[in-house]
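Please work through the exercises below with the sequence and the model open side by side. Each task is followed by a solution that goes step by step.

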Amino acid sequence: PATDRASRIDRPGCILMPAIVNAHSHLDLTHIGPRPHDPDAGFVAWVDMVRANRHTEPAQIRASVAQGCRLLRKGGVGLVGDIAGAAGGQPCLEPWQALANSGFAGVSYLEFFAIGTRTGASIACLEEFLATIPGFTRWRAKLGLQPHAPNTVAPVAFEAAARLAGQHGLPLITHLAESIEERRFIAECAGPQLELIQKLGIWSDAAAADFGKGHSPVEHLEPFIRQSGSSAVHVNQCSDEDLAILAEARTKVVYCPRASAYFGADRHFGPHRYRDMLAAGIEVALGTDSIINLPSGILDEAGLGLSTLDEARFLHARDGADPDTLIKMITTHGSRVLGFDDALVTLSEGSTPIGILAIPATGKGSPAERV
């Protein structure tokens, strides 16, 4: 009988809860570590720093992801959505392999870029790449697809991503409405993002025809959003019209609170509208984004690592966010973004939790408040 193999673990003074979900992270950047950032320096300057410091050798990439997995476990995470960065501009399987080898469950989203004169070649490369993969799951680690963002992927490439995701049964996610540079590029076809693409020598008049129409990033991607079933990460910019599009499309959103604060998103877009999204019926999950935008204390012995519990506590302290809702945002909302069953992240009759956490909890209030 199973009871013969069971052992009892006592955790007095603790509250038990299921292992949690980090719905958005960049584990291949773990080796860079936390870095300070001045929002006034702009997003492109930060991107240049990442490009200069990220690993491109397969063994180094796998080591960085493995380090990230250790920090996820430290933070009580049992299920993760990771972005497999396109090292050298090409889709990369090393993060997926490292995630699978760690025993972690989750989705490794293959990141790709396709804009300007490289659009057609990038789509063809992705098609060939996916055709060579014998299977899209390894144990509990699945592959997904991530067209990077609307300022680095042309509309026709988003269409191709939706087609390929459907063909291969891959979950989709994209960065959306993250930065002021993205907004300016989409709406005006101007600014630092355009200058970066021009510097790379891949811009063209044909590419420019898709941008500069005064649209928000959400409006720009509306056909893809409505047809693909893709989830969206960040959505720092969100007008009432944008919110209606996301709600009607039943788009799931991943919010990374500390990352938004790190980049000063509220200066440009006002407070994040995650509570309005929830009220509109949008499922909002929490992510950490990369280690780079997190406080250095997460690496201390008492730090929580790459933990969305820390993100939830941040929202509770800053916004007075409802504790019971925050628990959902780091459990069932996250599992649904990643396409996993709620049973993995709940404690109830018939559930099969991927892990159980014992959270030291003092004081008064409901269990969720004390956590």
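**Exercise 1. Find the acidic partner of Arg258 in a salt bridge, and state where the two residues lie and whether they are buried or exposed.**

Solution. In this predicted model, begin at the side chain of Arg258, which forms a salt bridge with Asp310, the closest N and O atoms being 3.1 Å apart. Next, place the partners on the chain: Arg258 belongs to helix H12 (residues 257-262) and Asp310 to helix H15 (residues 308-319), so that the pair links distant parts of the chain, 52 residues apart. Finally, look at the accessibility of the two residues, taking under 20% relative accessible area as the cut-off for buried; Arg258 is buried, and so is Asp310.

**Exercise 2. Describe the salt bridge between Arg267 and Asp40, and state which parts of the chain the pair ties together.**

Solution. The first step is the contact itself, in which the side chains of Arg267 and Asp40 meet at 2.9 Å, N to O. The second step is the location: because Arg267 lies in helix H13 (residues 265-269) and Asp40 in the loop between strand E2 (20-25) and helix H1, the pair ties together parts that are 227 residues apart in sequence. The third step is accessibility, and here both Arg267 and Asp40 are exposed.

A further salt bridge can be examined in the same manner, namely the one between Arg8 and Asp10, whose closest N and O atoms are 2.9 Å apart. Arg8 has a relative accessible area of 75% and is exposed, since the cut-off for that class is over 50%.

To complete the survey, note that the structure holds 16 salt bridges, and that Lys252, Glu283, Arg336 and Asp342 are linked in a network of such bridges.

**Exercise 3. Work out the strand order of the open five-stranded sheet, and explain why strand E4 is largely enclosed.**

Solution. Start with the order, which is E2-E3-E4-E6-E5, with mixed pairing. The edge strands are E2 and E5 (137-138), each of which pairs on one side only.

Now turn to the neighbours of E4. Strand E3 (residues 77-84) runs parallel to E4 and is joined to it by six bridges, with Asp82 having Ser108 as its bridge partner in E4. Strand E6 (residues 141-147) also runs parallel to E4, joined by seven bridges, and in this pairing Phe112 stands opposite Pro147. The connection from E3 to E4 can be followed through helix H3 (residues 94-101), and these three elements make a right-handed β-α-β unit.

The last step concerns the two faces of E4. Ala105, Val107, Tyr109 and Glu111 point one way, whereas Gly106, Ser108, Leu110 and Phe112 point the other way, and all are buried. Because eight of the eight residues of E4 are buried, the strand is largely enclosed by the rest of the structure.

**Exercise 4. Characterise the lining of the largest pocket, and identify the element that gives the largest share of it.**

Solution. First, take the volume of the largest pocket, which is about 1100 Å³. Of the 43 residues that line this pocket, the closest to its centre are Arg51, Glu111, Phe113, His148 and Thr152. Then assign the lining to elements: those that give two or more residues are helix H1 (43-53), strand E4 (105-112), helix H4 (119-131) and helix H7 (192-199). The largest share, five residues, comes from H1. Lastly, sort the lining by class, which gives 21 nonpolar, 15 polar and seven charged residues.

**Exercise 5. Determine how strand E1 pairs with strand E11, and which residues of E11 form its covered and uncovered faces.**

Solution. Strand E1 (residues 14-18) and strand E11 (residues 356-360) run antiparallel and are joined by five bridges. Within this pairing, Cys14 stands opposite Pro360 in E11. To separate the faces of E11, assign Leu357 and Ile359 to the covered face, and Ile356, Ala358 and Pro360 to the uncovered one.

Definitions and conventions: Residues are numbered from 1 along each chain as its sequence is written. This is a predicted model: local features need pLDDT of at least 70, side-chain atom pairs count only at pLDDT 80 or more; totals for chains, interfaces and linings use all residues. Side-chain values use heavy atoms; hydrogens and water are left out. On a 1 Å grid over the protein atoms alone, a cavity is a set of points where a 1.4 Å probe fits but cannot get out, and a pocket is an open set with protein on both sides within 12 Å along at least five of seven lines; lining residues have an atom within 4 Å of a point. Grid points are joined across faces, edges and corners, and a volume is the space filled by probe spheres set on the points. Helices (H or I, at least four residues) and strands (E, at least two) are DSSP runs, numbered from the N terminus. Ala, Val, Leu, Ile, Met, Phe, Trp, Tyr, Cys and Pro count as nonpolar, Asp, Glu, Lys and Arg as charged, and the others, Gly among them, as polar. Buried means under 20% relative accessible area, exposed over 50%, partly exposed in between (1.4 Å probe, protein chains only). Two strands pair if DSSP finds at least two bridges between them. A crossover is right-handed if, with the strands pointing away from the viewer, the path from the first strand over the helix to the second runs clockwise. A salt bridge is a side-chain nitrogen of Lys or Arg within 4 Å of a carboxyl oxygen of Asp or Glu.
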